[in-house]
Amino acid sequence: MKNSPLLNRRDFLMNSGVAAIAGLPLGDRFVHTTGHSPQTPEGPDSGAGPLAGSEYLFGKGVTYLNTAALGPTPRAVFDKTVAAWYDLEANPSFHGYGRLKDAMESVRAKAAQFLGCSLDEMVVTRSTTEGMNTVAQGVVLKPGERVLTSDQEHLGGQMCWKHFARRHGVVIDTVALHPMEHDPQLILERFEAALTPSTRVLSVSHVLSSTGLRMPVGELAALARNHDCLCLVDGAQAVGAIDVNVKALGCHAYATSGHKWLMGPKGTGLLYLAAETTGVIDPLLLEDGRGVYVESTGVRYIPGVLGLGAALDLMTGIGMASVEAHAVGLRNGLYQELQELPQLEVVSPPPGPLATPLITFRLPEAIDSAVLVATLREKHGLVVKMVPKNWLNGIRISTHIFNSEQEIHRLIRALRAELA
């Protein structure tokens, strides 16, 4: 109808700006442009990543350095998600219970390949937290049995154990990790000393969200196995930021999100459950199997899952070695720049094997981190993250494939100006 208030698909894609890349081959999307920020007297962004900032939907003037909180979805992934939604709504029950349900299983297969496990070991979830909750709900723990974790865990990875401590008398033991402590052997020794004959689960992050430290997860998983307990890994800050192979790590379970470093649709996640945990980790969610859409899961976010498949395709096409090299390279450059600001104390590990694309610095007590974060956003267009103050008075920066060296320099200039 000529005057219909409803947009057809073509109009929607044109108005939302996604038609520019619809139908392009994958390689044609990686166009190195000046990035998403306005032109400055300095000229185009230098050190642009494998995917330019202009391939995102950022608002004008936004410099996004906060993927670790919530990743931006590239236009290519956004377009495929929207297209899947149109496809679904054309005939919801026929497509949703048929062809698109099958397509979601192909996404699960891509995820399994991406993380280095078999299809039968892969579960699609809505978030890292849901994955952690699923594992906790599926493990039978008796009153007095213990879970060992660290004091640097994200709340989303703690709630499942707090719930079972409150409801069922499970005991939580916590290993203290100092923010400036970057010795994997010392960390391993502290966990080993904290294990007891009653420890049934060792629950730890692959990358600490507080400082970006790459934890010795492989060694911790081996430690757990040697003491006959399960190893559950919170991989929210790892998958899509660094190369992850769950089999090589040797953990029993690994939960991650699709909407942080993978830059997929919000409300998507992945959970690896090693084949050997069948019957040991036995949650209600998997009562009818590990398929994306089964009787025990109910209806899933079909467009989001299919969009996650597009995000996995994109990351696979670029290659995780290239993604990690670019993101960590920017982070290492930022590390050196921050060292020259005497008011700040970098608490993240120096460049090397423990470094990841996350970097955190501590502020003087006289400077409120929340106020500085707001100032950087409102005055300079820089989006960064305040570290929870139960850890420290600091700010966390996360760099990804769309960020550039010029954006790092922009951040440093803003920090110099605000700290002067």
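**Threonine 199, glutamate 145 and the packing of helix 10**

Setting aside neighbours within four places in sequence, threonine 199 touches Arg146, Leu148, Ala194 and Cys229. The model is a predicted one, and here threonine 199 sits in strand 5, which covers residues 199-205. Its relative accessible area comes to just 2%, so threonine 199 counts as buried, the cut-off being under 20%. There is a local link as well: a polar atom of the threonine 199 side chain lies 2.9 Å from the backbone nitrogen of threonine 196.

Glutamate 145 belongs to a loop, the one between helix 5 (128-138) and strand 3 (146-150). Is this loop residue buried or exposed? With a relative accessibility of 14%, glutamate 145 is buried too. Beyond four places in sequence, glutamate 145 has contacts with Val140, Val170, Val171, Ser198 and Arg200. The chain also brings glutamate 145 and valine 201 together from 56 residues apart, with 9.1 Å between their C-alpha atoms.

Turning to the helices, helix 10 takes in residues 302-318, 17 residues in total. From first C-alpha to last it spans 25 Å, close to the 24 Å expected at 1.5 Å a residue. Of those 17 residues, 14 are buried, so helix 10 is largely enclosed by the rest of the structure. Just after the helix comes glycine 319, with a positive phi near 95 degrees.

One of the partners of helix 10 is helix 2 (residues 75-90). The two pack at about 150 degrees, and their axes are 8 Å apart. The crossing of helix 2 past helix 10 is right-handed. On the helix 2 side, the contact involves Val77, Lys80, Thr81, Ala84, Trp85 and Leu88. Helix 10 contributes Ile302, Pro303, Gly304, Leu306, Gly307, Ala310, Ala311 and Leu314. As for the spacing of such residues, an α-helix has 3.6 residues a turn, so positions three or four places apart point the same way.

How far can the model be trusted along the chain? The mean pLDDT of the protein chain is 89, with 89% of residues at 70 or more. Residues 1-44 are another matter: pLDDT stays under 50 throughout this stretch, although the model gives it 72 contacts beyond four places in sequence. Where pLDDT is low, predicted coordinates should not be read in detail.

Notes:
Residues are numbered from 1 along each chain as its sequence is written. This is a predicted model: local features need pLDDT of at least 70, side-chain atom pairs count only at pLDDT 80 or more; totals for chains, interfaces and linings use all residues. Side-chain values use heavy atoms; hydrogens and water are left out. Helices (H or I, at least four residues) and strands (E, at least two) are DSSP runs, numbered from the N terminus. Buried means under 20% relative accessible area, exposed over 50%, partly exposed in between (1.4 Å probe, protein chains only). A polar contact is a pair of N or O atoms within 3.5 Å; within protein, one must be able to donate a hydrogen and the other to accept it, and residues adjacent in sequence count only if both atoms are side-chain atoms. Contact means heavy atoms within 4.5 Å. pLDDT is the predictor's confidence in each residue, from 0 to 100. The expected span of a helix is 1.5 Å times one less than its number of residues. Axes are lines fitted to C-alpha atoms, for helices over the stretch in contact, and angles run from 0 to 180 degrees between N-to-C directions. A crossing is left-handed if the near helix is turned anticlockwise from the far one by less than a right angle, and right-handed if clockwise.
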